[in-house]
Amino acid sequence: MNYLMKNYNPLSISFDNGKGCYLYTKNGAKYLDAISGIGVCGLGHCNSEISKTINRQSQKLIHVSNLFNIKNQELLAKKLCKISKMSSAFFCNSGSEANETAIKLVRLHANNKNLKNSKIIVFDKAWHGRTIATLSATGSSNAQKGFKPLLSGFIRCKFNDIDSVKKAISKNNIAAIMLETIQGEGGIRIASDNFLKEIRKITEKKDILLIIDEVQTGMGRTGKWFSYQHSNIKPDIITLAKGLGNGVPIGVCLGNNKVSKLFVPGSHGSTFGGNPFVCAVASKVIDIINEENLCKQSKIMGDYLISDLKERTKNLDIINEIRGKGLMIGIEIYKKNTNIVKDCLNNGLIINLTSENVIRLLPPLIIKKNHANFISKTLSKILKGYSNEK
Ligand SMILES: Cc1ncc(COP(=O)(O)O)c(C=O)c1O
């Protein structure tokens, strides 16, 4: 541990192997993973089809660079454009990089229009990454602490408050609005349908680009391929990562027709981005989500888990609200500084807390009722210990 920089504060437990919804320590202790590596392993751990693809492609070709035409990249771009109805893709290696790409596209859009001192609207409690540009877009003073000077050019509005957006638009040259339809790190805060529809209406009218950050919400997590699809809107730019590679690092920025013309040869790039290996894996992830109907499954199991959790915890005064879509679920509690994460671990359950007091559940999309029952039984037992009404 002494050879690692001190930016993480990991729990002392270490996992040796995983299968499906479970992680195991070296001596065989079993844990139900209800966070999936922070929303990454949607197909569960060591999915056998993914492992086969990894084996096969690793023996065929891993990397050649974007100096060459990469067939797997083209194939993956085609699949992603089909499910998102976007026109083109740029591949990179993480959610932050996908958002960096989106921000660069916005700069090109604004500069092409000669928009002076252009700004991007972002929201309170947003999370878009940790590179300097995406950290500047992120709405967490904790994450930003010590990293000034941040990048200028962002205006922060109130999430779900269309008047604050309208006001910012009336006073500035806005080139884009960037948002998560469900804020993950921000505490599972859900954008209302109305808010999203109003935003799309204004952005269309004023030639403002709409970027939806689907890094955490995408790939079936909320019960549809992408969470904006719940509101029947179509963004100009979508960013994706996490669940796209099921653990193999990949990010992508997808753009519609308007956006697709902005990059020209040389304007952006990535050495690793879109290599034959990661693209083969991500292609397989899409196929499996399709074949196993995992978007629908995510909705069914998410609805089940939320209603079971509500039922089991209805008399507990520690609960403020249980909310979510599909298998992206937050349980907001009234207490901060609890030991709930460790209590769950001691009971064989892996969860995580965001925004200090929101228990976040992002279980694999493949969970069945027995897994959901274990999650809600264990959590309700532990939450009871923190409640007065028992
Ligand atoms: C919505 C959202 N955008 C961007 C990111 C950054 O992704 P990465 O950590 O892969 O850079 C995250 C990470 O949690 C995220 O939740």
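Domain bounds here come from an automatic or database domain assignment. The model is predicted, so local features need pLDDT of at least 70 and side-chain atom pairs count only at pLDDT 80 or more, while totals for chains, interfaces and linings use all residues. Residues are numbered from 1 along each chain as its sequence is written, and side-chain values use heavy atoms, leaving out hydrogens and water.

**Exercise 1. Find which domains make up the chain, and how many residues of each are in contact with the other.**

Step 1: Mark domain 1 (17-46 + 293-385) and domain 2 (48-291).
Step 2: Take their C-alpha centres, which lie 26 Å apart.
Step 3: Count contacts, meaning heavy atoms within 4.5 Å. You will find 32 residues of domain 1 in contact with 31 residues of domain 2.

**Exercise 2. Work out where the largest nonpolar core lies relative to the two domains.**

Step 1: Start with the term. A nonpolar core is a set of buried Ala, Val, Leu, Ile, Met, Phe, Trp, Tyr and Cys residues joined through side-chain atoms within 4.5 Å. Buried means under 20% relative accessible area, exposed over 50%, and partly exposed in between (1.4 Å probe, protein chains only).
Step 2: Look at the members. The largest core has 82 residues, and Leu80, Phe123, Val165, Ile331 and Leu361 touch the most other members.
Step 3: Ask what gives the most. That is helix H10 (residues 276-291), with nine residues; helices (H or I, at least four residues) and strands (E, at least two) are DSSP runs, numbered from the N terminus.
Step 4: Domain 1 and domain 2 both give residues to this core, so it lies between them.
Step 5: Zoom in on valine 165. Beyond its neighbours within four places in sequence, its contacts are Ile121, Phe123, Cys157, Ile177, Phe195 and Ile199.

**Exercise 3. Decide whether asparagine 114 and asparagine 117 are buried or exposed, and describe their backbone.**

Step 1: Locate them. Asparagine 114 is in the loop between helix H4 (95-112) and strand S5 (119-123), and asparagine 117 lies in the loop between H4 and S5 too.
Step 2: Check phi. Neither is a glycine, yet phi is positive: about 60° for asparagine 114 and about 50° for asparagine 117.
Step 3: Check accessibility. Asparagine 114 counts as exposed at 55%, and asparagine 117 counts as exposed at 61%.

**Exercise 4. Find where the cis peptide bond from lysine 148 to proline 149 sits.**

Step 1: Read omega, which is near 5° for this bond.
Step 2: Place proline 149 in the loop between helix H6 (141-144) and strand S6 (154-157).
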